[in-house]
Each structure stands twice: as C-alpha cells, then as structure tokens.
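Load the model in a viewer and keep a selection prompt at hand. The stops below go from the interior to the strands, the helices and the cysteines, and end with the confidence values.

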Amino acid sequence: MGTNGSTMLKPVRQGLPPLDPAAVSSAASCALPARYEAVREARRFARDTLVQWDVGERFDDICLVVSELVTNALRHALPAEYGCAHEHTASVRLHLMRWAERLVCAVRDPSHETPVPRDSDDFSAESGRGLFLVDSFADAWGWHPLAGSLEGKVVWAMFRLDTAA
C-alpha cells in the first residue's frame, strides 16, 4: 500500500486487497432505499454492528467513512428518475466485513461512473469532500465494477484494527 502524497487521490480502480474470504470472522449487510434518509439508517446500522464487533479506536473513523460512501452513492450514483416513486427499491447496499486485523466497508450502487474526488478550494462547500474524507480516515480505498449479471460498482474502504488487547 505504498501510495502517498498527491498520487493518493487518483481514483483507484482495484478490487479489494487479498483478504481470505474464508477468514472473515464477521459480516453484515444492509439494503438501503434510494432516498437521503438512508444515510441515517446506514449510520445506525454501522454503529450497532461496530459496537458488537468492538473495533476500538477506529469506531468513529469507520462511522464517518460509512456515512460518506453511502452519501456519495445516493447523491451521485442513482439515476435522476429514482426518488419518491422508487423509494422502496433498494439500489444501494452497505456491507461490513471483519477479519482479525482488518475491517472493510463496501457500498454497492447501480452506477458505472468512476468515483472522482472533486477539487474544491471552497472548504465550506457542502459536497465534493466525501472521498477526501474517506482517503484521510481509511487505510486504503478503491472501487471495482460488479461482475456477471450485477449492474454497477462497489466502492470500498479498509481499516486496520489494533487487536492487541
């Protein structure tokens, strides 16, 4: 993971780092409706899950990143025709997976658009900073298109966990 400095925020089109799926100690996922209140639902789901998993000092970092990834998926990845008429349709899905020393947060959405951090000199701007926050708080992040018959992509963030109790 030797990226740092200015190269860090180029969108990383890569699958997850090599983590053995058989070694997952815990996994949870939640379907989110195509409406902005889903961000609150995602935060609540993440908090409840992380409390059970005891992720220590990374708790707040992970909750923040979940919030940003879900917000991005709802804001940028859903077609304009979604909204009230389709709010029962779960088009975004949040996955949390824990290994002994790693936790991955992955958000699936129906868009094929590359997630791109928006350059903004206006630090009071409300949008455009999400991926900068993800980059700052996660140990690694990236995205990859879904395979097979599934439409869209997955944007993921990985966190190292301090397991020395």
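Start with Val66 and Leu69: of the 33 residues in the largest nonpolar core, these two touch the most other members. A nonpolar core here is a set of buried Ala, Val, Leu, Ile, Met, Phe, Trp, Tyr and Cys residues joined through side-chain atoms within 4.5 Å. Buried means under 20% relative accessible area, exposed over 50%, and partly exposed in between (1.4 Å probe, protein chains only). Next, colour the elements that give two or more residues to this core: strands E1 (26–33), E2 (90–98), E3, E4 (140–145) and E5, together with helices H1, H2 (59–77) and H3 (130–137). H2 gives the most, with eight residues. Helices (H or I, at least four residues) and strands (E, at least two) are DSSP runs, numbered from the N terminus.

Before going further, note that this is a predicted model: local features need pLDDT of at least 70, side-chain atom pairs count only at pLDDT 80 or more, and totals for chains, interfaces and linings use all residues. Residues are numbered from 1 along each chain as its sequence is written, and side-chain values use heavy atoms, with hydrogens and water left out.

Stay on Val66 and show its contacts (heavy atoms within 4.5 Å). Leaving aside neighbours within four places in sequence, Val66 is in contact with Ala42, Ala46, Leu94, Leu96 and Cys105. Apart from the largest core lies another core, of nine residues, among them Met97, Trp99, Val154 and Met158.

**Strands**

Select E3, residues 102–109. Six of the eight residues in E3 are buried. Now add E5, residues 153–160, which runs antiparallel to E3 and is joined to it by eight bridges; two strands pair if DSSP finds at least two bridges between them. One bridge to display is that of Val107 with its partner in E5, Val155. E5 is mostly covered, with seven of its eight residues buried. E4 also runs antiparallel to E5, through six bridges. Within E5, Met158 is the bridge partner of Ala140.

**Helices**

Which residues of H3 are buried? Select Gly130, Leu131, Val134 and Asp135. They lie on the same side of H3, because they cover an arc of only 135° around the axis; the arc is that of the directions from the helix axis to the C-beta atoms.

Move to Arg44 in H1, residues 38–53. Arg44 counts as partly exposed because its relative accessibility is 45%. Draw a distance from the C-alpha atom of Arg44 to that of Ser67, 23 residues apart along the chain: the separation is 9.9 Å.

**Cysteines**

How many disulfides does a search of the whole structure find? The count is zero, where a disulfide is a pair of cysteine sulfur atoms within 2.5 Å. Select Cys63: the closest cysteine sulfur is in Cys105, 9.7 Å away, which is too far for a bond. Cys63 is buried, at 10% relative accessible area, and Cys30 is buried, at 13%.

**Confidence**

Finally, colour by pLDDT, the predictor's confidence in each residue, from 0 to 100. The protein averages 79, and 71% of the residues score at least 70. Among the elements, H1 has the highest mean pLDDT (96) and E2 the lowest (87). Select residues 1–11: pLDDT stays under 50 there, and the model has 18 contacts beyond four places in sequence for this stretch. Residues 122–126 are also below 50, with three contacts beyond near neighbours in sequence.
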